[in-house]
Amino acid sequence: MNVMTEKTLEEAVSTRMSGEPNEAIKMKGEKVTVHYGEKQALFGVDLDVREKQVTALIGPSGCGKSTFLRCLNRMNDTVPSARVGGKITLDGEDIYDRAIDVVELRARVGMVFQKPNPFPKSIYENVAYGPRIHGLTKTKADLDGVVESSLKKAALWNEVKDRLHEPGTGLSGGQQQRLCIARAIAVSPEVILMDEPCSALDPIATAKVEELIDELRQNYTIVIVTHSMQQAARVSQRTAMFHLGYLVEEGATDKMFTSPDDKRTQDYITGRFG
Ligand SMILES: Nc1ncnc2c1ncn2[C@@H]1O[C@H](COP(=O)(O)OP(=O)(O)OP(=O)(O)O)[C@@H](O)[C@H]1O
(Lines give C-alpha, C1' and ligand atoms only; values in the text may rest on other atoms or scores of the structure.)
Protein backbone atom coordinates (compact mmCIF):
# COMPACT_ATOMS: atom_id res chain seq x y z
CA MET A 1 0.00 0.00 0.00
CA ASN A 2 1.12 3.53 -0.65
CA VAL A 3 1.86 5.47 2.49
CA MET A 4 1.10 9.15 2.06
CA THR A 5 2.18 11.93 4.27
CA GLU A 6 -0.36 14.69 4.89
CA LYS A 7 1.72 16.98 2.67
CA THR A 8 1.89 14.74 -0.41
CA LEU A 9 -1.80 14.04 0.05
CA GLU A 10 -2.59 17.75 -0.07
CA GLU A 11 -0.40 18.11 -3.14
CA ALA A 12 -2.19 15.27 -4.91
CA VAL A 13 -5.61 16.77 -4.12
CA SER A 14 -4.50 20.22 -5.29
CA THR A 15 -3.11 18.88 -8.58
CA ARG A 16 -6.19 16.74 -9.10
CA MET A 17 -7.74 17.09 -12.49
CA SER A 18 -10.65 19.45 -12.11
CA GLY A 19 -14.06 19.73 -13.71
CA GLU A 20 -17.64 20.65 -13.05
CA PRO A 21 -19.40 17.80 -11.30
CA ASN A 22 -22.50 16.29 -12.82
CA GLU A 23 -24.88 15.16 -10.10
CA ALA A 24 -26.99 12.68 -12.13
CA ILE A 25 -26.95 9.13 -10.75
CA LYS A 26 -25.93 6.55 -13.36
CA MET A 27 -25.80 3.44 -11.16
CA LYS A 28 -27.20 2.86 -7.71
CA GLY A 29 -26.37 0.09 -5.27
CA GLU A 30 -28.88 -0.50 -2.48
CA LYS A 31 -28.20 -2.82 0.44
CA VAL A 32 -25.81 -4.86 -1.73
CA THR A 33 -24.61 -8.06 -0.08
CA VAL A 34 -22.30 -10.71 -1.52
CA HIS A 35 -21.58 -14.16 -0.14
CA TYR A 36 -18.92 -16.52 -1.47
CA GLY A 37 -20.31 -19.80 -0.14
CA GLU A 38 -20.59 -19.31 3.63
CA LYS A 39 -18.32 -16.29 3.67
CA GLN A 40 -19.95 -12.88 3.50
CA ALA A 41 -17.82 -10.35 1.56
CA LEU A 42 -20.19 -7.34 1.38
CA PHE A 43 -22.64 -6.16 4.02
CA GLY A 44 -25.49 -3.93 2.84
CA VAL A 45 -23.58 -1.47 0.66
CA ASP A 46 -25.52 1.63 -0.45
CA LEU A 47 -23.51 3.49 -3.08
CA ASP A 48 -24.46 5.86 -5.89
CA VAL A 49 -22.27 6.15 -8.98
CA ARG A 50 -22.56 9.59 -10.55
CA GLU A 51 -22.77 10.04 -14.28
CA LYS A 52 -19.60 11.18 -16.09
CA GLN A 53 -17.60 11.30 -12.91
CA VAL A 54 -14.81 9.05 -11.70
CA THR A 55 -15.66 7.20 -8.51
CA ALA A 56 -12.65 5.66 -6.73
CA LEU A 57 -13.14 2.63 -4.48
CA ILE A 58 -10.45 2.53 -1.80
CA GLY A 59 -9.76 0.50 1.33
CA PRO A 60 -7.44 -2.18 2.70
CA SER A 61 -6.88 -5.46 0.90
CA GLY A 62 -9.78 -7.89 1.04
CA CYS A 63 -12.38 -5.29 2.09
CA GLY A 64 -14.67 -5.97 -0.90
CA LYS A 65 -13.78 -3.27 -3.44
CA SER A 66 -13.35 -5.66 -6.39
CA THR A 67 -16.37 -7.65 -5.25
CA PHE A 68 -18.52 -4.51 -5.38
CA LEU A 69 -17.03 -3.47 -8.73
CA ARG A 70 -17.79 -6.88 -10.22
CA CYS A 71 -21.41 -6.64 -9.06
CA LEU A 72 -21.87 -3.59 -11.31
CA ASN A 73 -21.70 -5.64 -14.51
CA ARG A 74 -22.59 -9.01 -13.03
CA MET A 75 -19.08 -10.42 -13.37
CA ASN A 76 -19.79 -12.26 -10.11
CA ASP A 77 -22.25 -14.41 -12.08
CA THR A 78 -19.15 -16.20 -13.37
CA VAL A 79 -18.10 -17.20 -9.82
CA PRO A 80 -20.14 -20.30 -8.93
CA SER A 81 -20.02 -19.73 -5.15
CA ALA A 82 -21.03 -16.05 -5.33
CA ARG A 83 -24.53 -14.92 -4.30
CA VAL A 84 -25.50 -11.28 -4.70
CA GLY A 85 -28.33 -9.69 -2.71
CA GLY A 86 -29.84 -6.20 -2.59
CA LYS A 87 -30.44 -4.13 -5.68
CA ILE A 88 -28.28 -2.48 -8.33
CA THR A 89 -29.74 -0.25 -11.00
CA LEU A 90 -28.39 1.26 -14.23
CA ASP A 91 -30.42 4.31 -15.27
CA GLY A 92 -33.06 3.13 -12.80
CA GLU A 93 -33.29 -0.38 -14.28
CA ASP A 94 -32.56 -3.39 -12.04
CA ILE A 95 -29.52 -5.10 -13.64
CA TYR A 96 -30.27 -8.35 -11.79
CA ASP A 97 -33.78 -8.53 -13.27
CA ARG A 98 -34.47 -11.77 -15.17
CA ALA A 99 -35.25 -9.80 -18.31
CA ILE A 100 -31.73 -8.34 -18.47
CA ASP A 101 -29.45 -9.71 -21.18
CA VAL A 102 -26.09 -10.03 -19.40
CA VAL A 103 -24.06 -9.83 -22.61
CA GLU A 104 -25.74 -6.54 -23.46
CA LEU A 105 -25.28 -5.31 -19.88
CA ARG A 106 -21.52 -5.99 -20.10
CA ALA A 107 -21.36 -3.98 -23.32
CA ARG A 108 -23.05 -1.06 -21.52
CA VAL A 109 -20.90 -1.55 -18.43
CA GLY A 110 -17.43 -2.50 -19.70
CA MET A 111 -14.44 -3.62 -17.69
CA VAL A 112 -10.68 -3.14 -17.71
CA PHE A 113 -8.66 -5.51 -15.55
CA GLN A 114 -5.59 -5.22 -13.36
CA LYS A 115 -3.29 -7.02 -15.76
CA PRO A 116 -3.54 -5.99 -19.41
CA ASN A 117 -5.16 -8.97 -21.14
CA PRO A 118 -5.25 -8.43 -24.90
CA PHE A 119 -6.49 -11.36 -26.96
CA PRO A 120 -3.71 -13.26 -28.81
CA LYS A 121 -4.75 -11.49 -32.00
CA SER A 122 -3.77 -8.38 -33.90
CA ILE A 123 -4.21 -4.88 -32.49
CA TYR A 124 -7.01 -4.33 -35.04
CA GLU A 125 -8.79 -7.57 -34.12
CA ASN A 126 -8.63 -6.80 -30.40
CA VAL A 127 -10.67 -3.66 -30.95
CA ALA A 128 -12.87 -5.01 -33.76
CA TYR A 129 -13.95 -8.10 -31.82
CA GLY A 130 -16.67 -6.47 -29.67
CA PRO A 131 -18.34 -4.40 -32.40
CA ARG A 132 -18.34 -7.52 -34.59
CA ILE A 133 -19.98 -9.87 -32.07
CA HIS A 134 -22.50 -7.20 -31.08
CA GLY A 135 -23.27 -6.50 -34.76
CA LEU A 136 -22.56 -2.78 -34.31
CA THR A 137 -21.15 -2.16 -37.78
CA LYS A 138 -22.39 -3.09 -41.25
CA THR A 139 -19.39 -2.65 -43.50
CA LYS A 140 -15.65 -3.10 -43.27
CA ALA A 141 -15.27 0.67 -43.61
CA ASP A 142 -17.60 1.18 -40.61
CA LEU A 143 -15.56 -1.29 -38.59
CA ASP A 144 -12.29 0.39 -39.62
CA GLY A 145 -13.81 3.68 -38.43
CA VAL A 146 -14.77 2.26 -35.03
CA VAL A 147 -11.30 0.73 -34.59
CA GLU A 148 -9.64 4.04 -35.44
CA SER A 149 -11.88 6.19 -33.25
CA SER A 150 -11.60 3.77 -30.29
CA LEU A 151 -7.80 3.74 -30.54
CA LYS A 152 -7.83 7.54 -30.75
CA LYS A 153 -10.07 7.83 -27.68
CA ALA A 154 -7.68 5.49 -25.86
CA ALA A 155 -4.75 7.75 -26.84
CA LEU A 156 -3.06 4.88 -28.67
CA TRP A 157 -3.73 5.57 -32.38
CA ASN A 158 -0.53 7.45 -33.15
CA GLU A 159 1.59 4.71 -31.63
CA VAL A 160 -0.08 1.82 -33.49
CA LYS A 161 -1.59 3.15 -36.71
CA ASP A 162 1.22 1.69 -38.82
CA ARG A 163 1.16 -1.73 -37.15
CA LEU A 164 -2.54 -2.51 -36.74
CA HIS A 165 -2.06 -6.07 -37.96
CA GLU A 166 0.72 -6.92 -35.54
CA PRO A 167 -0.09 -8.87 -32.35
CA GLY A 168 -1.56 -6.84 -29.46
CA THR A 169 0.61 -8.86 -27.11
CA GLY A 170 3.72 -7.31 -28.74
CA LEU A 171 2.93 -3.88 -27.28
CA SER A 172 4.43 -2.53 -24.05
CA GLY A 173 2.43 -3.06 -20.85
CA GLY A 174 1.10 0.51 -20.87
CA GLN A 175 0.16 0.27 -24.53
CA GLN A 176 -1.54 -3.07 -23.90
CA GLN A 177 -3.62 -1.51 -21.13
CA ARG A 178 -4.64 1.34 -23.45
CA LEU A 179 -5.50 -1.31 -26.05
CA CYS A 180 -7.76 -2.98 -23.48
CA ILE A 181 -9.36 0.41 -22.83
CA ALA A 182 -9.86 0.85 -26.61
CA ARG A 183 -11.43 -2.61 -26.72
CA ALA A 184 -13.85 -1.62 -23.94
CA ILE A 185 -14.68 1.69 -25.66
CA ALA A 186 -15.31 0.05 -29.06
CA VAL A 187 -18.74 -1.22 -28.01
CA SER A 188 -19.84 2.26 -26.85
CA PRO A 189 -20.19 1.55 -23.14
CA GLU A 190 -21.85 3.99 -20.77
CA VAL A 191 -19.88 2.91 -17.73
CA ILE A 192 -16.27 1.63 -17.57
CA LEU A 193 -15.17 -0.38 -14.54
CA MET A 194 -11.43 -0.44 -13.86
CA ASP A 195 -9.91 -2.85 -11.36
CA GLU A 196 -6.48 -1.45 -10.41
CA PRO A 197 -5.74 -0.68 -14.08
CA CYS A 198 -2.27 0.74 -13.41
CA SER A 199 -0.92 -1.73 -10.90
CA ALA A 200 1.17 -3.53 -13.55
CA LEU A 201 2.41 -0.30 -15.18
CA ASP A 202 5.48 1.88 -14.68
CA PRO A 203 5.05 5.51 -13.55
CA ILE A 204 5.11 6.94 -17.10
CA ALA A 205 2.53 4.49 -18.43
CA THR A 206 0.48 5.10 -15.26
CA ALA A 207 0.51 8.85 -15.86
CA LYS A 208 -0.73 8.30 -19.43
CA VAL A 209 -3.56 6.06 -18.30
CA GLU A 210 -4.51 8.56 -15.55
CA GLU A 211 -4.66 11.37 -18.13
CA LEU A 212 -6.75 9.15 -20.33
CA ILE A 213 -9.17 8.40 -17.48
CA ASP A 214 -9.67 12.13 -17.01
CA GLU A 215 -10.43 12.59 -20.72
CA LEU A 216 -12.77 9.60 -20.81
CA ARG A 217 -14.83 11.12 -18.01
CA GLN A 218 -16.30 13.58 -20.52
CA ASN A 219 -18.14 10.72 -22.21
CA TYR A 220 -18.22 7.84 -19.77
CA THR A 221 -18.98 7.10 -16.15
CA ILE A 222 -15.96 5.47 -14.52
CA VAL A 223 -15.56 3.39 -11.38
CA ILE A 224 -11.97 2.55 -10.44
CA VAL A 225 -10.52 0.35 -7.71
CA THR A 226 -7.13 1.62 -6.65
CA HIS A 227 -4.59 1.01 -3.91
CA SER A 228 -2.85 4.25 -4.73
CA MET A 229 -4.13 7.13 -2.67
CA GLN A 230 -2.31 9.55 -4.97
CA GLN A 231 -4.14 8.05 -7.91
CA ALA A 232 -7.55 8.25 -6.21
CA ALA A 233 -6.83 11.87 -5.28
CA ARG A 234 -5.65 12.74 -8.79
CA VAL A 235 -8.26 11.09 -10.97
CA SER A 236 -11.51 10.84 -9.04
CA GLN A 237 -14.27 13.27 -8.16
CA ARG A 238 -15.93 10.88 -5.67
CA THR A 239 -14.28 8.43 -3.32
CA ALA A 240 -15.85 5.48 -1.50
CA MET A 241 -13.98 3.93 1.41
CA PHE A 242 -14.57 0.23 2.16
CA HIS A 243 -13.52 -1.67 5.28
CA LEU A 244 -14.20 -5.33 6.12
CA GLY A 245 -17.05 -5.55 3.63
CA TYR A 246 -18.77 -2.35 4.73
CA LEU A 247 -18.93 0.99 2.99
CA VAL A 248 -17.42 3.28 5.62
CA GLU A 249 -18.24 6.53 3.84
CA GLU A 250 -18.51 8.09 0.40
CA GLY A 251 -18.12 11.67 -0.65
CA ALA A 252 -16.44 14.28 -2.80
CA THR A 253 -12.78 13.30 -3.19
CA ASP A 254 -11.54 16.70 -1.97
CA LYS A 255 -13.45 16.29 1.27
CA MET A 256 -12.59 12.61 1.72
CA PHE A 257 -8.90 13.39 1.45
CA THR A 258 -8.84 16.51 3.58
CA SER A 259 -11.53 16.07 6.23
CA PRO A 260 -13.14 12.62 6.16
CA ASP A 261 -15.92 12.00 8.67
CA ASP A 262 -14.70 8.56 9.70
CA LYS A 263 -11.47 7.90 11.57
CA ARG A 264 -10.90 4.69 9.57
CA THR A 265 -10.76 6.74 6.36
CA GLN A 266 -8.34 9.19 7.93
CA ASP A 267 -6.15 6.35 9.18
CA TYR A 268 -6.19 4.57 5.82
CA ILE A 269 -5.39 7.53 3.62
CA THR A 270 -2.56 8.62 5.86
CA GLY A 271 -1.10 5.11 5.86
CA ARG A 272 -1.84 4.24 9.49
CA PHE A 273 -3.38 0.93 8.54
CA GLY A 274 -4.05 -1.24 5.53
N1 LIG B 1 -13.97 -16.00 -5.88
C2 LIG B 1 -13.92 -15.88 -4.55
N3 LIG B 1 -14.19 -16.94 -3.75
C4 LIG B 1 -14.16 -16.85 -2.41
N5 LIG B 1 -13.87 -15.71 -1.73
C6 LIG B 1 -13.58 -14.63 -2.46
C7 LIG B 1 -13.60 -14.66 -3.89
N8 LIG B 1 -13.29 -13.40 -4.33
C9 LIG B 1 -13.09 -12.63 -3.23
N10 LIG B 1 -13.29 -13.37 -2.10
C11 LIG B 1 -13.17 -12.89 -0.72
O12 LIG B 1 -14.03 -11.79 -0.56
C13 LIG B 1 -13.40 -10.78 0.23
C14 LIG B 1 -13.35 -9.48 -0.55
O15 LIG B 1 -12.45 -9.66 -1.64
P16 LIG B 1 -12.23 -8.55 -2.75
O17 LIG B 1 -11.33 -9.14 -3.78
O18 LIG B 1 -13.52 -8.00 -3.18
O19 LIG B 1 -11.46 -7.44 -1.90
P20 LIG B 1 -10.62 -6.20 -2.38
O21 LIG B 1 -10.92 -5.11 -1.43
O22 LIG B 1 -10.85 -5.93 -3.83
O23 LIG B 1 -9.15 -6.73 -2.16
P24 LIG B 1 -7.78 -6.36 -2.87
O25 LIG B 1 -7.58 -4.91 -2.59
O26 LIG B 1 -6.77 -7.23 -2.19
O27 LIG B 1 -7.93 -6.67 -4.33
C28 LIG B 1 -12.03 -11.32 0.62
O29 LIG B 1 -12.12 -11.88 1.90
C30 LIG B 1 -11.77 -12.38 -0.43
O31 LIG B 1 -10.95 -13.40 0.09
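Which residue in β4 stands opposite Thr33? The residue is Gly85. The model is predicted, and this pair is a good place to enter it.

Start with the strands around that pair. Strand β1 covers residues 25-36, and strand β4 covers residues 82-90. The two pair in the antiparallel sense, over 8 bridges. In general, the strands of a sheet pair through backbone hydrogen bonds, and the pairing is either parallel or antiparallel. Now widen the view. β1 and β4 belong to an open sheet of 4 strands. Read across, the order is β2-β1-β4-β5, and the pairing is antiparallel. The edges are β2 (39-50) and β5 (93-94). Each of these edge strands pairs on one side only.

Next comes the annotation. An unreviewed UniProt entry lists residues 27-269 as "domain: ABC transporter". Over residues 27-269, the chain is 37% helix and 27% strand. The C-alpha atoms at the two ends of this range are 26 Å apart.

Turn to the interior. The largest nonpolar core has 67 residues. Seven names stand out for touching the most other members: Leu57, Ala182, Ile192, Leu193, Ile222, Val223 and Ile224. Helix α7 (residues 173-185) gives this core its largest share, 6 residues. Take Leu57 as an example. Setting aside neighbours within four places in sequence, Leu57 is in contact with Lys65, Phe68 and Leu69, among others. Further along the chain, the contacts of Leu57 include Val223, Val225, Ala240 and Phe242.

The ligand is the next stop. 14 residues surround it. The closest are Tyr36, Ala41, Ser61, Ser66 and Thr67. Which elements each supply at least two residues of this shell? They are β2 and α2 (65-71). Of the elements, α2 gives the most, with 3 residues. By character, the shell divides into 5 nonpolar, 7 polar and 2 charged residues. β2 therefore appears twice in this account: as an edge strand of the sheet and as a supplier of the ligand shell.

Finish at Arg272. Where is it found? Arg272 is in the segment after α11 (263-269). Is Arg272 buried or exposed? Arg272 counts as exposed, because it has 11 C-beta neighbours inside 10 Å, and the cut-off for exposed is 12 or fewer. Compare its position with that of Glu215. Arg272 and Glu215 are 57 residues apart in sequence. In space, their C-alpha atoms are 33 Å apart.

Conventions
Residues numbered from 1 in each chain as written. Predicted model: local features only at pLDDT ≥ 70, side-chain atom pairs only at ≥ 80, totals over all residues. Pairing = 2+ DSSP bridges. UniProt positions renumbered as here; feature names shortened; annotations may be inferred. Core = buried A, V, L, I, M, F, W, Y, C linked by C-beta atoms within 7 Å. Buried ≥ 20, exposed ≤ 12 C-beta atoms within 10 Å, placed from the backbone. Contact = placed C-beta atoms within 7 Å. Near = placed C-beta within 6 Å. Nonpolar A, V, L, I, M, F, W, Y, C, P; charged D, E, K, R; others polar.
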